[in-house]
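I opened the notebook today to record what I looked up in this structure, entry by entry. I begin with the rule I need for reading burial.

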Amino acid sequence: MLIIKELKKSFSDAGTPLLNNLSLNTRKGESISIQGASGCGKSTLLSLIAGFEKPDSGDILVNNLSIVNSGSNLKKIDNFRKENLGIVFQSFNLFDCFNAWDNIAFTARLKGNVDKDYQLALMKQLGILSLAQHPISSLSGGEQQRCAIARALVHRPALVLADEPTGNLDEATSDTVSDLLFETCRHTNTTLVVVTHSNEVAVKADRALQLHQGVLERANIDNATLTTAR
Ligand SMILES: Nc1ncnc2c1ncn2[C@@H]1O[C@H](COP(=O)(O)OP(=O)(O)OP(=O)(O)O)[C@@H](O)[C@H]1O
């Protein structure tokens, strides 16, 4: 579904590339977590997958569409995002001037396929239906992030990218919100890539990976590490 082939990316000519022949192959509906040291290139990788940045070489395919080779065609890449991509940010990135319902409807309106029943079902699943008419600024951090998850899914994207989705939440809220993110993506058969510093969040993915020296490796998160992290 998401296929990354021998991706290279550097921000300077000196030294080893930040991403150095990185490859990944995911199944439809699979969830992947990515951890790694600060500055190792996790957010850069998400930006490349979203088509916000261009790699030096290699290819990225989502549902057989090359994000890299569509990169020079801005309309095509814009359509790719509208059709295929949902994004969840650490800082929620919701609009203060809209209520919860209109914030969530935003991506579907961009795509031109508002499906009220589907939005109602998603909001119900995420436990935020009763907040639909509330101003976004009146919601707690956990409630806002649940709205952001609904917004990322409401246009039925094939792929959701989440960059530190629980980074601004306390431990208990992080647990609830990350459970909802993984469950909702499983329920809707949406492929999910989550960048996180949290071992507790990382182990909820079907595959836990770490970015190390420019490539993705299987993460080794054992129970002892989890216990220590708690
Ligand atoms: N547009 C850019 N121009 C130059 N350098 C950049 C640019 N974007 C990122 N970098 C550098 O690339 C490296 C990787 O950044 P990135 O944000 O991808 O790391 P990260 O693994 O997500 O880090 P963190 O866990 O701290 O968020 C950093 O050294 C960063 O300064």
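I call a residue buried if 20 or more other C-beta atoms lie within 10 Å of its own, exposed if 12 or fewer, and partly exposed in between. I keep in mind throughout that this is a predicted model.

**Entry 1: Ile-104.** I first looked up Ile-104, whose place is in helix α3, residues 100–111. Is Ile-104 buried or exposed? I find 27 C-beta neighbours inside 10 Å, and because the cut-off is 20 or more, Ile-104 counts as buried. Setting aside residues up to four places away in sequence, I list Gln-119, Met-123, Cys-147, Ala-150, Arg-151 and Val-154 as the residues that Ile-104 touches. I also checked Ile-104 against Ser-174, and the two are 70 residues apart in sequence and 20 Å apart in space, taken C-alpha to C-alpha.

**Entry 2: helix α5.** I then turned to α5, which has 13 residues and reaches 19 Å from its first C-alpha to its last, close to the 18 Å expected at 1.5 Å a residue. I note that α5 is mostly covered, with 12 of its 13 residues buried. Among the buried residues of α5 are Cys-147, Ala-150 and Arg-151, and these three also appear in the list of residues touched by Ile-104. Which elements cover the buried residues of α5? I find that the cover includes β6, α3, α4 (116–125), β7 and α6 (171–187).

**Entry 3: the nonpolar core.** I looked up the largest nonpolar core, which has 60 residues, and found that Ile-49, Cys-147, Ala-150, Val-160 and Leu-161 touch the most other members. Helix α5, residues 141–153, gives the most to this core, with six residues. For Ile-49 I left aside the neighbours within four places in sequence, and the contacts that remain are with Ile-60, Ile-67, Leu-161 and Val-193.

**Entry 4: the open sheet.** I traced six strands that form an open sheet in the order β6-β7-β8-β3-β9-β10, with mixed pairing. The edge strands are β6 (85–88) and β10 (215–218), each of which pairs on one side only. I noted that neighbouring strands of this sheet are turned by 25° against each other on average, with direction ignored. Helix α5 packs on the sheet, where it touches β6 and β7 (159–163), and the direction of α5 makes about 170° with that of β6.

**Entry 5: strand β3.** I looked more carefully at β3, which is mostly covered, since five of its five residues are buried. Ser-31, Ser-33 and Gln-35 point one way from β3, while Ile-32 and Ile-34 point the other way, and all are buried. On the β8 side, I find β3 (residues 31–35) joined by four bridges to β8 (residues 191–195), and the two strands run parallel. Within that pair, Ser-33 stands opposite Val-194 in β8. I also see β3 pair in the parallel sense with β9, residues 207–212, over four bridges. Here Ile-32 stands opposite Arg-207 in β9.

**Entry 6: Thr-173.** I went next to Thr-173, whose place is in helix α6. How does Thr-173 count, by its C-beta atoms within 10 Å? With 17 other C-beta atoms inside that distance, Thr-173 is partly exposed. Once the neighbours within four places in sequence are left aside, Thr-173 is in contact with Gly-141 and Gly-142. The C-alpha atoms of Thr-173 and Gly-141 are separated by 8.5 Å, although the two residues lie 32 residues apart along the chain.

**Entry 7: the protein as a whole.** I closed with the overall figures, and counted eight helices and 10 strands. Of the 230 residues of the protein, 40% count as buried. Among the contacts with a separation of 6 or more, 69% are accounted for by residues 24 or more positions apart. The C-alpha atoms fill a box of roughly 50 × 50 × 30 Å, taken along the principal axes. Why do I set the radius of gyration beside that of a compact globule? With 230 residues, a compact globule would have a radius of gyration near 17 Å, and the protein has 17 Å, so the two agree.

Conventions
Residues numbered from 1 in each chain as written. Predicted model: local features only at pLDDT ≥ 70, side-chain atom pairs only at ≥ 80, totals over all residues. Core = buried A, V, L, I, M, F, W, Y, C linked by C-beta atoms within 7 Å. Contact = placed C-beta atoms within 7 Å. Rg over C-alpha atoms; globule rule 2.2 N^0.38 Å. Pairing = 2+ DSSP bridges. Axes fitted to C-alpha atoms, helices over the stretch in contact; angles between N-to-C directions. Expected span 1.5 Å × (residues − 1).
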